[in-house]
Amino acid sequence: MRYRLLSQKAQRQLHIIKIFYDPEVKAVSTRQLAKMIGCSLSILLKDLEEIETLYDQELTLKREDVQVYIVIHTDYTYGYFFQSYAHACSEFMILDTLFKRQINTMDEAAEIFYMSRTSLSRAIQRINNFFTDLEIPAQITKSPLKLDMSETVYRTYYPLFLDIYYSVD
């Protein structure tokens with residue numbers, strides 16, 4: 001459920017990392033890995049390069065011929081990587097700010113998140129679609145900018161959000 005708010009690229013990269021948490025998985029061919037995550041070989045290679053750059057302290061990416069293997073250092077859980085992607089995701093940042101009621105207008109949000117109003121509107125629409133798809137009785141309104149939900153829904157979902165966005169494994 002929580003992955004659906006992440007970009008497709010973040011979802012792919014998390015899927016790649018998750019594959020290598022399996023102790024049964026050793027080296028995998030790049031073509032096989034691309035097939036496993038459902039992308040082209042060129043996209044996979046870009047994702048591997050970005051993972052290696054983003055997490056050079058947390059993991060070691062090994063490439064031999066057409067084989068790839070990721071060694072994840074023992075101090076880092078899968079939750080650590082998810083939170084890293086979530087904190088970079090505009091939808092999670094918007095939800096965090098709205099749950100805390102720190103902004104009231106689209107202009108204020110656009111300035112805080114360094115986003116155009118159009119990009120902000122798209123992110124809000126993705127969040128509202130997420131709520132609708134999961135049948136969560138909540139919606140973000142734009143004027144005023146707020147997370148519109150009942151107290152019961154707030155008390156149910158805010159702790160779950162906090163656990164996903166802030167907890168440390």
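This is a short talk on helix packing, a pocket and two backbone details in one structure.

Okay, hi everyone. One thing up front: what you see is a predicted model.

Let's start with helix α1, residues 8-19. I'll take its two packing partners in turn. Partner one is α3, residues 41-54, and the two helices pack at about 75° with their axes 10 Å apart. Angles from 65 to 115 degrees count as roughly perpendicular, so that's what we call α1 relative to α3. Who makes the contact? On the α1 side we have K9, R12, Q13, I16 and I17, and on the α3 side I43, L44, D47, L48, E50, I51 and L54. If you sort those residues by class, you get seven nonpolar, one polar and four charged.

Partner two is α4, residues 78-87. Here the angle is about 165°, and the axes are 11 Å apart. Anything over 145 counts as roughly antiparallel, and therefore α1 and α4 get that label. For those who like handedness, the crossing of α1 past α4 is right-handed. From α1, the residues involved are A10, Q13, L14, I17 and K18, and they meet Y78, F81, F82 and Y85 of α4. The class split in this contact is seven nonpolar, one polar and one charged.

Now, the pocket. The largest one holds about 160 Å³ of space. Which helix gives the most to its lining? That would be α1, with three residues. Both α1 and α3 supply at least two residues each. The full lining reads L5, L6, S7, K9, A10, Q13, E50, L54, Y85, A88, C89 and E91. You'll recognise some names: K9, Q13, E50 and L54 line the pocket, and they also sit in the contact of α1 with α3. Likewise, A10, Q13 and Y85 are in the lining and in the contact of α1 with α4. By class, the lining comes out as seven nonpolar, two polar and three charged residues.

Last bit: the backbone. As background, most residues other than glycine have a negative phi, and most peptide bonds are trans. Two spots here are worth a look with that in mind. R101 has a positive phi, near 55°, and you'll find R101 in the loop between α5 (90-99) and α6 (106-113). Then there's the bond joining S143 and P144, which is cis, with omega about 0°. P144 sits in the loop between β4 (138-142) and β5 (145-149).

That's it from me, thanks.

Note on methods. Residues are numbered from 1 along each chain as its sequence is written. This is a predicted model: local features need pLDDT of at least 70, side-chain atom pairs count only at pLDDT 80 or more; totals for chains, interfaces and linings use all residues. Side-chain values use heavy atoms; hydrogens and water are left out. Axes are lines fitted to C-alpha atoms, for helices over the stretch in contact, and angles run from 0 to 180 degrees between N-to-C directions. Helices (H or I, at least four residues) and strands (E, at least two) are DSSP runs, numbered from the N terminus. Angles under 35 degrees count as roughly parallel, over 145 as roughly antiparallel, 65 to 115 as roughly perpendicular and the rest as oblique. Contact means heavy atoms within 4.5 Å. Ala, Val, Leu, Ile, Met, Phe, Trp, Tyr, Cys and Pro count as nonpolar, Asp, Glu, Lys and Arg as charged, and the others, Gly among them, as polar. On a 1 Å grid over the protein atoms alone, a cavity is a set of points where a 1.4 Å probe fits but cannot get out, and a pocket is an open set with protein on both sides within 12 Å along at least five of seven lines; lining residues have an atom within 4 Å of a point. Grid points are joined across faces, edges and corners, and a volume is the space filled by probe spheres set on the points. A crossing is left-handed if the near helix is turned anticlockwise from the far one by less than a right angle, and right-handed if clockwise.
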